[in-house]
Amino acid sequence: MRLPCFCQHLSMDSTFKSPLFHPTTSFSRSQVSFPFFSFQTQYLTLNKPPTILRCSNSSTISCTTNGNNNNMAGLPVKKKRKRYRKQYPGENEGITEEMRFVAMRLRNIKGKKVSSDTVSDSETDTENTPSDQEKEEDSETLKSGENGGDGEAETWSPTMEGFLKYLVDSKFVFNTIERIVDESDDVAYAYFRKTGLERSAGLSKDLEWFSQRGLVVPEPSNPGVSYVNYLEELAEKSAPLFLSHFYNIYFSHIAGGQVIARKVSDQLLEGTELEFYKWEGDVQESLKDVRKNLNMLGEHWSRDDRNKCLKEAAKSFKFLGQIVRLIIL
């Protein structure tokens, strides 16, 4: 674009908005502004038309850009709803409380939950629970053994041969978990040494007592051997999963073992109390300390590890139930 050959400044007429020219002195450079665009011009002092060196439709670009921004700003913005994960039953209190809910869920009597609170809580936790078939098997396991014979108290009848097998397999299991905790280099196991819950020494005395009375003490049977092999593999693979079994083995023995002790003592031992069911000090306080340490460690575990611990808790009850069943064989 070339302008008329006038050496003048340009201004705008207020009526027609067109450029007007006024005489001026010579200069080399000037800014020309029009209603919708502006450009910079180069003027020469000679009688030659000015040459435009650069032209930019800045107003148009600015309007277009602002228009796009306005359009974007005018669109409705949908805010993503922040979804909060629903907590597992007992999660606020620690991993041991979560495992207690697993035990309560398995303690079904003819398909009914122990309490209405347990029903509502357990129904929300379906992602990491055993299948219906597994729950039925585990429920029967608990009812026949560590659960104290709920629903089957009248038909549950121990035998001396079966009880000896139960003691031998129990000693094999307790001796294994206590040895693993004592010998392991994993710092997590250090919290569970000399807890006051140890049972292998008392079981050794009981088996010696039976042997002195002419009873044959058998070798560990398949339920005990299978569980020990599983525990040894688990201890090398994952401390959280192994500790889930560690806690539930003691918890089950303290909670349900007293019922077994009374039945066996009354029916087979003429009231004799075995060392297996004796503790030095307050056993509930010792269990409380173990629970506290496990909850403390559990705070540093991922949700995935905690879910796996809940699965292992159900497996623990199943293994223990198979050992308890030896009593009535």
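The following dialogue explains how several terms apply to this predicted model.

Guide: In this predicted model, local features need pLDDT of at least 70, side-chain atom pairs count only at pLDDT 80 or more, and totals for chains, interfaces and linings use all residues. Residues are numbered from 1 along each chain as its sequence is written, and side-chain values use heavy atoms, with hydrogens and water left out.

Visitor: Why is the pair of arginine 306 and glutamate 98 called a salt bridge?

Guide: A salt bridge requires a side-chain nitrogen of Lys or Arg within 4 Å of a carboxyl oxygen of Asp or Glu. The closest N and O atoms of arginine 306 and glutamate 98 are 2.6 Å apart, so the pair meets the rule.

Visitor: What makes this pair a tie between parts of the chain?

Guide: Arginine 306 lies in helix 10 and glutamate 98 in helix 2, so the pair ties together parts 208 residues apart in sequence. Helices here are DSSP runs (H or I, at least four residues), numbered from the N terminus.

Visitor: Why is arginine 179 called partly exposed?

Guide: Buried means under 20% relative accessible area, exposed over 50%, and partly exposed in between (1.4 Å probe, protein chains only). Arginine 179 has a relative accessible area of 32%, and therefore falls in between.

Visitor: How do you know that arginine 179 and glutamate 232 meet in a salt bridge?

Guide: Their side chains are 3.0 Å apart, N to O, and the limit is 4 Å, so the rule is satisfied. Arginine 179 is in helix 5 and glutamate 232 in helix 7, 53 residues apart.

Notes:
Helices (H or I, at least four residues) and strands (E, at least two) are DSSP runs, numbered from the N terminus.
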